[in-house]
Amino acid sequence: MAKQSFKGNQSTESSPTEFELLLDSYENMNSKGLVRQGIILNIDERYIYVNVGDKSDGIITVEEISSGGNVDITSISIGDSIEVFVGNYDDSMGYLICSREKAKSVYALDDIEKVCKDNELINGTVVAKTKGGLIVDLNGVTAFLPGSQIDVKLTRDFDAFLGKALDLKVISVDKRACNVIVSRRKVIEDEIKKLKENVLTDIKEGDVLEGIVKNITDYGVFVDLGGMDGLIYITDISWKRISHPSEVLSLGQKINVKVIKYDKERHRVSLGYKQLFEDPWHDVLDRHAPGDIVEGVIINITDYGAFVELDDDVEGLIHLSEMSWEKKQIDPKVFLTKGQRVKISILSIEPESRKLSLSLKRLTENPWNALKDKYPKGTIVEGVIKNIYEFGISVTLEENLEGYVKQSDFAWAKRTRHPRELFKPEEEIKTMVLSIDEEKQRMYLGIKQLTESPWHSVKDKYSTGTVISGTVSNIMEFGIFVQIEDGIEGLVHNSKIPENFIKGDDISVGSPINAEIIMLDVNEQKIGLSLLNTDKNKS
């Protein structure tokens, strides 16, 4: 009767699944259920026969007891009590199909559910892998560990976890479907959170901490401080110039760092690595001085020069103008190569701005120094006009040597016409050497110096109070220039023009004029004039 009654309960299409019945039986242990305490009736080679109550008999396979249950079959005997899960009735055999392992899983799931509710850890062993994650054995209950829950970072190598025992968090338990989801990531995140809380409470600016290089980017290095990451910007990695952080630091390297800035609200830490080493610029003036000859390595070449790193990690610049005495433009990348070791001369040192000016050409004699011996001041030279400018002309004296004549050195008279009205390109011309500037590499020439200056005899001819007769050479807003004789001019300032003298109507360039000398400075070649009254000028 009992067997038939049980079979009838399983006959409808909407009957519950075997495991759902198992759960129902467990949740109602005090009433009639499917997890029962049975009595062993008989044992043969294949089955163990059990009375499960209500005059119902069931069978358990010997294989389940001996292998799956890890129980020695000889250790059990007729009359022993055994807890089993009562399954479906098998018509062909005439017994209920029972399982000792399924009975155990009911209790195991209950324990797992408690672990989940209490947010505790559970240990499991990885037994297999799937496309989406890992299969874990939790003391006989199979659980799924999704790939996204294996670690805080993306995990691609599932094989590395096979056979390993892991501490896990249970994040989902579906007892009716016997579906358990676990996470290793949450365990790691909790550990990191605890470490971070410890770091956050202790950290302060100026601290020196130990960390591990976690990630390297173009702009800096991230360092794991033990649950919290800090960033070393590339400018705080080395006192010397580097192109990439990997030139100094490597992944996984254990380093000491200094806390430069700590933002408590945003939990951001700025770190420094170079700050743990002495700044080579601190005592640079004790090691170097302008004029010293030092050695270094070319570390970078630009259009305007080359950067050199000295042996003590101080960096300087050889400007394009300090590479060669040649005046023509040179290409630094042709003149020097990156990594080349060179000797250079120090021109200047600016510790505050961390600037070091260097020179290559100062190690050789300036060829312009020799020109002073070849072309001493006063030497008369001949050349060809190469260029005509607004304020002067250039004259080629020999190959790669030019001289410059300023407009003021064309003639003794102060005002001259535009140089293009006086000279033509390729015209041969005679000049006198006035001076040589070695630094600017320029030779200054003069044309008027070939003749005697009319100012030499001015003192003999004129003095203060002398009345002169001349012609107006130029009219300006501030006064009138008067040509007294060839090459000699004087200025009548507006303040020295009588009120009854109307400049616009009474006078123009070329008009004769009478004036009195009120100031005479031969060295400055200046004569100050005062215009006589209108009547005298008209006479």
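**Close-up 1. N119 is an exposed residue, with a relative accessible area of 52%.** Welcome to this predicted model; the tour starts in a loop. N119 lies between α4 (100-117) and β6 (121-129). Its backbone is worth a look, since N119 has a positive phi of about 55 degrees although it is not a glycine. For background, most residues other than glycine have a negative phi.

**Close-up 2. E426 is another loop residue with a positive phi, here about 70 degrees.** Like N119 in the previous view, E426 is not a glycine. To find E426, look in the loop between α9 (419-422) and β24 (428-437). Is E426 buried or exposed? Its relative accessibility is 59%, so E426 counts as exposed.

**Close-up 3. S345 sits in strand β19, which covers residues 341-350.** With a relative accessibility of 8%, this serine counts as buried. Which residues does S345 touch, leaving aside those up to four places away in sequence? One group of contacts is G291, D292 and I293, and the others are S357, L358, S359, R362 and L363.

**Close-up 4. Y47 and Y49 form one of the eight aromatic pairs in the structure.** A pair of aromatic rings is described by the distance of the centres and the angle of the planes. For Y47 and Y49 the centres are 6.4 Å apart and the planes make an angle of 65 degrees, an edge-to-face arrangement. Both of these tyrosines are buried. Y95 belongs to the picture too, as ring pairs link Y47, Y49 and Y95 into a cluster.

**Close-up 5. Y389 and Y404 make a tilted aromatic pair.** Their ring centres are 6.1 Å apart, with 45 degrees between the planes. This pair links distant parts of the chain, 15 residues apart. Y389 is in the loop between β21 (380-388) and β22 (392-398), while Y404 is in strand β23 (residues 401-406). How do the two partners fare for exposure? Y389 is partly exposed, with a relative accessible area of 37%, whereas Y404 is buried at 16%.

**Close-up 6. The charged end of R241 sits over the ring of F307.** The distance from that charged end to the ring centre is 4.4 Å. A second view of this kind shows K406 and Y444. Here the charged end of K406 sits over the tyrosine ring, 5.1 Å from its centre.

Methods
Residues are numbered from 1 along each chain as its sequence is written. This is a predicted model: local features need pLDDT of at least 70, side-chain atom pairs count only at pLDDT 80 or more; totals for chains, interfaces and linings use all residues. Side-chain values use heavy atoms; hydrogens and water are left out. Helices (H or I, at least four residues) and strands (E, at least two) are DSSP runs, numbered from the N terminus. Buried means under 20% relative accessible area, exposed over 50%, partly exposed in between (1.4 Å probe, protein chains only). Contact means heavy atoms within 4.5 Å. Rings of Phe, Tyr and Trp (its six-membered ring) pair if their centres lie within 6.5 Å; planes under 30 degrees apart count as stacked, over 60 as edge-to-face and the rest as tilted. A charge sits over a ring if NZ of Lys or CZ of Arg is within 6 Å of the ring centre and within 35 degrees of the ring normal.
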